[in-house]
Amino acid sequence: MPCYRCGVRQTDPERGKSPWRRGVLRDHLVLVCPACQESGDWTADLERCAQCASVHLIRRLDQVECLDCGLVRAEPTVLAAVPPARDSGRDPDLADEVSRALDRLLGRA
């Protein structure tokens with residue numbers, strides 16, 4: 001899943017805690033890359049918990065859950081698609097990267 005703000009894709013994660021942050025936008029789980037977290041108020045667009053106003057929300061099993069207070073919202077409030085990344089152009093290297101990964105996985109490399 002790419003960063004919802006800039007469209008950059010995650011690379012293979014290193015061990016330990018991921019620098020990418022999760023959030024919920026229009027009842028969809030989104031990721032925010034480390035670079036976008038450094039620029040401005042990256043939490044401004046994200047939904048907040050109705051109980052504690054936290055942005056530490058996750059979406060799973062048709063529910064939005066606050067990781068800070070535990071509040072679970074079962075029904076989505078908005079049925080809209082996640083807006084495309086600001087740079088919605090195709091990533092020309094992505095197809096090559098996927099092809100190489102499949103070759104490694106299937107032993108064709």
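**Exercise 1. The strands in the middle of the chain**

How many bridges join strand β3 to β4, and do the two run parallel or antiparallel? Work through the pairing of β4 on both of its sides, keeping in mind that the model is predicted.

*Solution.*

Step 1. Begin with strand β3, which covers residues 57-60 and is joined to β4 by four bridges, the two strands running antiparallel. Within this pair, Leu-57 stands opposite Cys-66 of β4.

Step 2. Next, look at the connection, where β3 and β4 form a hairpin with two residues between them. Leu-61, in the turn, has a positive phi of about 50°, and Asp-62, whose place is also in the loop between β3 and β4, has a positive phi of about 60° although it is not a glycine. Most residues other than glycine have a negative phi. Asp-62 counts as exposed, because its relative accessibility is 57%, and the cut-off for exposed is over 50%.

Step 3. Now turn to the other partner, strand β5 (residues 72-73), which pairs with β4 in the antiparallel sense over two bridges. Here Glu-65 stands opposite Val-72, and the hairpin of β4 and β5 has five residues between the strands, with Gly-70 taking a positive phi near 85°.

Step 4. Finally, compare the two faces of β4, which spans residues 63-66: Val-64 and Cys-66 make up the covered face, whereas Gln-63 and Glu-65 make up the uncovered one.

**Exercise 2. A network of salt bridges**

Find which residues are linked with Arg-73 in a network of salt bridges, and state where each of them lies.

*Solution.*

Step 1. Side chains of opposite charge can pair when their charged atoms come close. In this model the count comes to four salt bridges, and one of them is formed by the side chains of Asp-27 and Arg-73, with a distance of 2.2 Å from N to O. Asp-27 lies in the loop between β1 and β2 while Arg-73 lies in strand β5, so this pair ties together parts that are 46 residues apart in sequence.

Step 2. Arg-73 also forms a salt bridge with Glu-47, where the closest N and O atoms are 3.1 Å apart. This pair, too, links distant parts of the chain, since Glu-47 is in the loop between α1 and β3, 26 residues apart from Arg-73.

Step 3. Put the two pairs together, and Asp-27, Glu-47 and Arg-73 are seen to be linked in a network of salt bridges.

Step 4. Then ask how covered each member is, using the cut-off of under 20% for buried. Asp-27 is buried because its relative accessible area is 3%, and Glu-47 counts as buried because its relative accessibility is 14%, whereas Arg-73, at 23%, counts as partly exposed.

Step 5. For a further salt bridge, go back to the hairpin strands, where the side chains of Arg-60 and Glu-65 meet at 2.5 Å, N to O. Arg-60 counts as partly exposed, with a relative accessibility of 41%.

**Exercise 3. Two loop residues**

Decide whether Thr-43 is buried or exposed, and then do the corresponding work for Arg-26, which counts among the residues with a positive phi.

*Solution.*

Step 1. Thr-43 has its place in the loop between α1 (34-38) and β3. With a relative accessible area of 14%, Thr-43 is buried, and a polar contact of 2.9 Å joins its side chain to that of Asp-41.

Step 2. Arg-26 lies in the loop between β1 (21-25) and β2 (28-32). Its phi is near 50°, a positive value in a residue other than glycine, and its relative accessibility of 39% makes Arg-26 partly exposed.

**Exercise 4. Helix α2 and the surface patch**

Compare the span of α2 with the expected one, and name the residues that form a nonpolar patch on the surface.

*Solution.*

Step 1. Helix α2 has twelve residues and reaches 16 Å from its first C-alpha to its last, which is close to the 16 Å expected at 1.5 Å a residue.

Step 2. The patch is formed by Val-98, Leu-102, Leu-105 and Leu-106, which together have about 400 Å² of accessible area. An α-helix has 3.6 residues a turn, so residues three or four places apart point the same way.

Step 3. Leu-106 lies in the segment after α2 (94-105), and with a relative accessible area of 55% Leu-106 is exposed. Just after α2, Gly-107 takes a positive phi of about 70°.

Note on methods. Residues are numbered from 1 along each chain as its sequence is written. This is a predicted model: local features need pLDDT of at least 70, side-chain atom pairs count only at pLDDT 80 or more; totals for chains, interfaces and linings use all residues. Side-chain values use heavy atoms; hydrogens and water are left out. Patches are made of residues with over 30% relative accessible area and no salt bridge: like charges are joined within 9 Å, nonpolar side chains (Val, Leu, Ile, Met, Phe, Trp, Tyr) within 5 Å. Accessible areas come from the Shrake-Rupley method with a 1.4 Å probe; for residues, only the protein chains shown count as cover. Buried means under 20% relative accessible area, exposed over 50%, partly exposed in between (1.4 Å probe, protein chains only). Two strands pair if DSSP finds at least two bridges between them. The expected span of a helix is 1.5 Å times one less than its number of residues. A polar contact is a pair of N or O atoms within 3.5 Å; within protein, one must be able to donate a hydrogen and the other to accept it, and residues adjacent in sequence count only if both atoms are side-chain atoms.
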